[in-house]
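Q: Could you take a close look at the aromatic rings in this one for me? I'd like to hear how they pair up, and then what surrounds them.

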Amino acid sequence: MSCEYGGIRLGMDLHRTKEAWKKFIYNDSIDNYIRQVITDSWRRCKKYSVDYSGGLGKRLSKELINDKLKENEELRAIARPIMKNLYNIVKGSGTSIILTDKEGYLLDVIGDKEIMERANELNFLVGALWTEEAVGTNAIGTALVIDSPVQTIGAEHYCEKHHSWSCSAAIIHDENNNIIGCLDMSGNYKSAHPHTLGMVLTGACSIEKQWELSVYNKLMNTSFESMSEGIIITDEKLKILKTNRAAENILKLTECEIMHMDIETIFKDAKFIKNTLKMGKHYYAIDYNLYIKNKQIRCILNTVPIKSQEKITGVVITFKDEEYAHKVANKLFASKSSYDFADIKTNNRDMKLMIEYGKKAAYSDCNILIEGPSGTGKELFAQSIHNYSRRWNKPFVAVNCASLPSQLIESELFGYEKGAFTGALKEGHPGKFELADGGTIFLDEIGELPLDMQAKLLRVLDNKTVMRIGGKYEKQLNVRIVAATNRNLKEEIKKKNFRQDLYYRLNVMNIKTTPLKERKEDIELLTAHFIRKLNKKNTLNKRYSENYMERLKIYNWPGNVRELQNVVQRSYYLCEEDLITEKYLSEDILMNGISINCDKKIYNSECEILTLDEMEKMNIQRALNKFEGNILAVSKILGISRATLYRKIRKYNLEV
């Protein structure tokens, strides 16, 4: 009596199997006694024209074998100890353990001397190919085809030379369930046992688990080493177990040196690390000074407990040096210096001289004071100076002194330590000067700075150091200061609103920006520039009319270039046609032009005196513009009826 078990026939009749094999080979006849998996394989072998009297494995050349072994080095390393464990169980029973790659090439063979000698006769050796197409039905080749465990016994093998063998094979998969190899156990067919396949399947599963663990470990190690933060892992006794390259770089120590150090040598008086171990407490963003080889390294630390089954078994300490932390902070919070001198559009002689002067000033490390009315491009100059200097790849931090509340100015500029005052962040906070270290700090509206803060700023300029509020030490800085103001600081000094000594500290290099009303030649240049940018942004092709430009040139521009840009932008988006005309200008600009024209016509002796009709026409148009065509409002302000107003609009052909 026989039964099926996992694709294996128990109590099989070896003689009947042999007779069935003969019927198939010579008569192409299938005996239903033979398992489906075997008959399917036999049919494939006939299709491949496999020689049933052959069955010798085809070996690769020595060079190609070496390539195969190298290609599957990791699989061999993982499988070898598992194969040895399997062999130790069956040692002395005339059995061999075989590992193949995904294509069926033998990668490793372990076995008793007697069975290995028999295997050599069949080329059952490293580098030989054991697929169905190469050597007919066999456990390795068939398992690779059907991606399932298989046992082949005696005449179930397609080639007659294999009929004295019993083979059990199971497929090995990677973490994505792709075939990466096959594990096989082969021996004498008379000693075949179904448990053999179970052993091989267990071995293959073990290899898969180890492979998955290896992939996971590689992923974790890669992540561990790619971290920009230094990492130190300890056990429950605070013995250092692992560290990464970032830690080596920050501490300026080798891995070997760190691993042999006492944790308290690196983190002196670090009670929070012991608290993490004892109480499982987390600590984040702690400002801390490390002392390595008599050198101070200021860091920001985190500590997290390692827990296993509710027991704390160690601590993970992550840290980054302060310079790195400031770089990250600058990327997130600092200003961007995106402009350079090429972005300052001008045909004005004075402005061109200032640009050349600014380039020379940029190459020095002197402090610079930029003076000029609001909207004349003082920050544009500051950014251009930074980007033209040797500090171009360092931070550019802009501070508007007028916008800082008086009670927060010091903490914003110089920072504070943890617990410095009520409401302070528990981890402390770096000031703008610290964030700008190595680069440029732009102090806009410097004239608005209170006198007490002017004195503290003067100390920073004199000593090149800064101390946080609540701090115990001064930090050396390397910062270029560019200040700007729209006030007349000399007048402010006379009024006792600005310190004279601070003025001279800042005013080493002086740049004065020119108001737009004194550089009328730039109005058309700037307008064209703004419209080009808007066209590019909106993929349009708008342009301005001559009358539009005349109106812009007549206006006095109290808001300077910033006002001009806003006016052009407003006109651009109000205008639905391609041609931007003066009707899209605001009332202030239009009336400014009318008043100037009126003044010229009335008071210029070379012009004709306006008639009453001309004056009435201009006055009505001005009122219509002011009240945006509201007939009722215009009639009331002019003191005439609506009917009269309509009549005069028709008479003078006015725009409503």
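**A close look at the aromatic pairs**

A: Let's start with Phe319, which counts as buried because its relative accessibility is 0%. Keep in mind that this is a predicted model. Phe319 has a ring partner, Phe267: the two ring centres sit 6.0 Å apart and the planes meet at 75°, so this is an edge-to-face pair. Phe267 is tucked away too, and it counts as buried because its relative accessibility comes out at 1%.

Where do Phe267 and Phe319 sit along the chain? Phe319 belongs to strand S14 (residues 311-321), while Phe267 is in the loop between helix H11 (263-266) and helix H12 (271-279), so the pair ties together parts that are 52 residues apart in sequence.

Zooming out a little, the structure holds 16 aromatic pairs. There's also an aromatic cluster, made up of Phe341, Tyr363, Phe381 and Tyr388.

Some rings have a lysine for company. The face of Phe24 has Lys46 lying over it, 4.7 Å from the ring centre. Likewise, Tyr572 has the charged end of Lys542 over its ring, at 4.5 Å from the centre.

Now for the nonpolar surroundings. As a general point, nonpolar side chains in soluble globular proteins tend to be buried together. Here, the largest nonpolar core counts 47 residues, and Leu75, Ile97, Ile172, Leu183 and Ile207 have the most contacts inside it. Helix H4 is the top contributor to that core, giving 8 residues. A second core, separate from that one, has 31 residues, including Leu413, Phe433, Ile481 and Ile493.

Ile172 is a handy place to see who touches whom: leaving out residues up to four places away in sequence, its contacts include Leu75, Leu99, Leu183, Ala204 and Ile207. Among the others on its list are Asn178, Gly181 and Glu208.

Helix H4 spans residues 73-90 and also carries Lys84. Lys84 counts as partly exposed, because its relative accessibility is 43%. Its C-alpha lies 7.6 Å from that of Ile110, a residue 26 places away along the chain.

How far can you lean on all this? Mean pLDDT for the chain is 87, with 92% of residues at 70 or more. Over residues 1-8, though, pLDDT is below 50, and that stretch has 17 contacts in the model beyond near neighbours in sequence. Residues 598-607 also stay under 50, with 8 contacts beyond four places in sequence.

Notes. Residues are numbered from 1 along each chain as its sequence is written. This is a predicted model: local features need pLDDT of at least 70, side-chain atom pairs count only at pLDDT 80 or more; totals for chains, interfaces and linings use all residues. Side-chain values use heavy atoms; hydrogens and water are left out. pLDDT is the predictor's confidence in each residue, from 0 to 100. Contact means heavy atoms within 4.5 Å. Rings of Phe, Tyr and Trp (its six-membered ring) pair if their centres lie within 6.5 Å; planes under 30 degrees apart count as stacked, over 60 as edge-to-face and the rest as tilted. Helices (H or I, at least four residues) and strands (E, at least two) are DSSP runs, numbered from the N terminus. Buried means under 20% relative accessible area, exposed over 50%, partly exposed in between (1.4 Å probe, protein chains only). A charge sits over a ring if NZ of Lys or CZ of Arg is within 6 Å of the ring centre and within 35 degrees of the ring normal. A nonpolar core is a set of buried Ala, Val, Leu, Ile, Met, Phe, Trp, Tyr and Cys residues joined through side-chain atoms within 4.5 Å.
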